[in-house]
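Dear colleague,

I am passing on the structure below, which I would ask you to open before reading further. My notes on what was found in it follow underneath.

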Amino acid sequence: MLPPPPGSFPDREELIQHVGEFGISQGYVVTIKQSKKEKVVVLGCQRGGVYRNRRKTIDDGTSELIRKRKSGSRLTNCPFELVGKKDDGFWVLSVKNGSHNHEPLSDITQHPSARRFTEDEVLLIKEMTEAGLKPRQILKKLRQHNPELLSTPKHVYNIKTKLRQGNLTVKRYKTLRPQTSAQGNSNSSTTSEPSWRQRYPPRVPNFIGGMFIDSQSRTSIDVINPATQQVVSQVPLTTGEEFRAAVYAAKCSLPSWRNTPVMTRQRIMFRFQELIRRDIDKIAQNITSEQGKTLKDARNEMLRGLEVVEHACGMTSLQMGDFVSNIRSGVDSYSLREPLGVCAGICPSNFPALVPLLMFPIAVACGNTFILKPSEKDPGACMILAELAMEAGLPNGVLNVVHGTNDIVNAICDDDDIKAITFVGPDSSGSHIHARASSNGKRVQSNIGAKNHSIVMPDANMDATLDALAAAGFGGAGQRCTTLNTVVFVGGSKSWEEKLVERAKALKVNVGTDPDTDIGPVINKMAKEKVNRLIQLGIEAGARLILDGRHIEVPKYEMGNFIGPTILSDVTDGMECYKEEITGPVLLCMQAGSLEEAIAIVNRNRYGFGASIFTKNGASARKFQTEIEAGQVGVNVPVPAPLPFFAFTGTEASFSGDLNFHGKTGVDFYTQIKTVSQQWKDFRINDEIPLEMPPTNFQSSDGTSLLLPTHNFPNTDDDRGHLASPSDNLDCDNGPSFTIPHKDFQTGEAVSLGLQLRDFQNSDVSPALLMSDGSQDPKFLTHFLNWSRNAQ
């Protein structure tokens, strides 16, 4: 059970409500232990139903004592304690003791405080008592207003007694009453909209310790629909206290989560992918409203993310170590892949759902806990995924979500409890994160800038190549990291330009919710201005503009951030439009005299994310594949994005770090290797005999396979009850004779050994005498045990 995250609150009641709701989500009920209204409030844990054991003698003449639970005994105190103090007009919450001495309540409605009456209900009881109603009648009336009331007539009678004494309070200390309705059960389902989405515009909360918590920050950023310019939501800049609370929640949940069996973690991933499929249209709609891409493109993004979750469902085999038997006499050595600890991910805006799914499913399936910072431009999809992860059964604190910009990024890089950071985004941010986090001793994988090239040979299939260039160059409004930015035509581009322009003009630019839309808006006004600026710089540097999409207007969405397909030809590698990333639907056309020259152009570019070639010549394709310096290589396909079981790679300025995303390296990044060497043998004084396993496999005369347990023989040869070699005969009483051949295993032959480590008692009978079908032969077992005793 986690304590609530520390923070600042505008008033005392909001602090108390925050703590109470958080406690209920964790399985405990918070009570006010001490309060000075304008100065301090001390909050504790009301265990409920657990009594202190008291001793009572049975007989005055004896000293025998027994434990007896007395109904009047005090509840056992829980050390959990929080303190709220007023400071400069704000109430500051701090955790004095965050631990409990009891297990969480499986059903919060069973807590005694759930049966207590509110102050309004006490006043109603007073009025009905004065009117002459009996306790059962009073309770019936109260349940008409609150059908889920759990109180009994006895509780009403107790209230009436206190009323006669002139005391309206039910308990000396006011207890925060649990909500028994479905609305108060945060773990029940996410089908109903959470409260933060019911506001307009909704203020996106943090997700800390399994709860959506409103940030106490007074600063927020508007999330703008790129097509309509309407405010979709507001993202707070998470405070330092809230960030530390998220790290604390992840750190507290780590020991139990890393010790959770891998099969259990795998089942949660199976459930998680089911829930994503259920809500895929809902998430796609959110992506379109915040990021601008078409619904079709958003749905494809979700399907790619699902592939990563499905890959995480195979963690039982992905996290396997290595084993080498008998590296020395009687010594075995093996390696384990263990989780790192608390990890973090920093996400870009171009894939608001896919990139988070690239990160945390693999990380948590490996046994780590995770801090996720979505882009402040489109955080909605990430919050939905957090809801689904919680519904799938991910324990509280394993996944946490915080928001912000530079301050939170620097806090992630500097926090000592965070062991690894994954980043996807622009190269300037990625270089800063890699340098700062690495200097603090963290693992970092940073997929950054991309300038993807395609070489088109004269013999390439024209129609198939043009279709691929148009789709890869303009799809997703050119904001994907796999966008094809530059085409190098070997032998000249004149014969390709006209038909390329025709295909580009056929693409429909419109709002992403239109099912016929091919290209939606770019993310914001700044992105549009940057794209237009780079186009103009290219024209001024001598590039030839053969298609201009800068002045396109979409009816009813004149304020949208739309840019139509744009093509610049005769581009050279010295132009600014070529050197910088263009995150828009702009295709640059270059020319080369030969394949060697084209490869040299691509390799001179400082980015090395992806490159492809279109040709019918196998020799050209092989030369390109061998000599090109890029992480993702395509032949007759645009820049490929590999499936999760292959590494998602980049070279040069497109990647910083040692281990890439996806595949085996993705699992390696989130785990650390531990190598174990062990020796098990019976050591005796002056015992120099090497440990050897006697043969345990033999067959009966009728071919039945049997298994024998190993036997520890005495040290002297005279007393040894050894079996003859090369084969031994055993006679069972009133049964067949068994021949035990000794098997010589061939080099490289696989042998499966079952190992059970336990302390056997003297009276234990080994279950190893089994027939090939798994049953025991009682006659042979009796004979073998008699022979074993005689041997001793």
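To begin with one pair of strands in this predicted model, strand E25 (residues 610–614) and E26 run parallel and are joined by four bridges, and within that pairing Ser 612 stands opposite Gly 634 in E26. Both strands belong to an open sheet of seven, arranged in the order E21-E22-E23-E20-E19-E25-E26, in which the pairing is mixed. Strand E21 (544–547) and strand E26 (632–635) stand at the edges and have a single partner strand each, so one side of each is left without a neighbour in the sheet. From one strand to the next, the twist averages 20 degrees.

Two helices should be looked at together with this sheet. Helix H14 (residues 462–474) packs on the sheet and touches strand E19 (452–456), strand E20 (484–490), strand E22 (566–569), strand E23 (586–592) and E25, with its direction at about 150 degrees to that of E20. Helix H18 (residues 595–604) lies across E19, E20, E23 and E25, and runs at about 135 degrees to E23.

The largest nonpolar core has 62 residues, of which Ile 455, Val 456, Leu 469, Ile 567, Val 571 and Leu 588 touch the most other members. If neighbours within four places in sequence are left aside, the contacts of Ile 567 include Phe 474, Leu 500, Val 501, Leu 545, Ile 546, Leu 587 and Cys 589. Another core, of 61 residues, lies apart from the largest one, and among its members are Ile 283, Leu 306, Phe 370 and Val 398.

Elsewhere in the chain, helix H12 (residues 406–414) has Ile 408, Val 409, Asn 410, Ile 412 and Cys 413 as its buried residues, and what covers them includes helix H5 (240–258), strand E14 (342–346), strand E15 (369–373), strand E17 (418–424) and helix H13 (427–439). Glu 301, found in helix H8 (residues 295–312), is buried, with a relative accessible area of 2%. Beyond its neighbours within four places in sequence, Glu 301 is in contact with residues including Ile 287, Lys 293, Asn 350 and Phe 351.

Finally, how many disulfides are there? The count comes to zero. For Cys 78, the closest cysteine sulfur is that of Cys 45, at 4.0 Å, which is too far for a bond, since a disulfide requires the two sulfur atoms to be within 2.5 Å. Cys 78 counts as buried at 9% relative accessibility, whereas Cys 252 is partly exposed, with a relative accessible area of 33%.

With best wishes

Key: Residues are numbered from 1 along each chain as its sequence is written. This is a predicted model: local features need pLDDT of at least 70, side-chain atom pairs count only at pLDDT 80 or more; totals for chains, interfaces and linings use all residues. Side-chain values use heavy atoms; hydrogens and water are left out. Two strands pair if DSSP finds at least two bridges between them. Axes are lines fitted to C-alpha atoms, for helices over the stretch in contact, and angles run from 0 to 180 degrees between N-to-C directions. Contact means heavy atoms within 4.5 Å. A nonpolar core is a set of buried Ala, Val, Leu, Ile, Met, Phe, Trp, Tyr and Cys residues joined through side-chain atoms within 4.5 Å. Buried means under 20% relative accessible area, exposed over 50%, partly exposed in between (1.4 Å probe, protein chains only).
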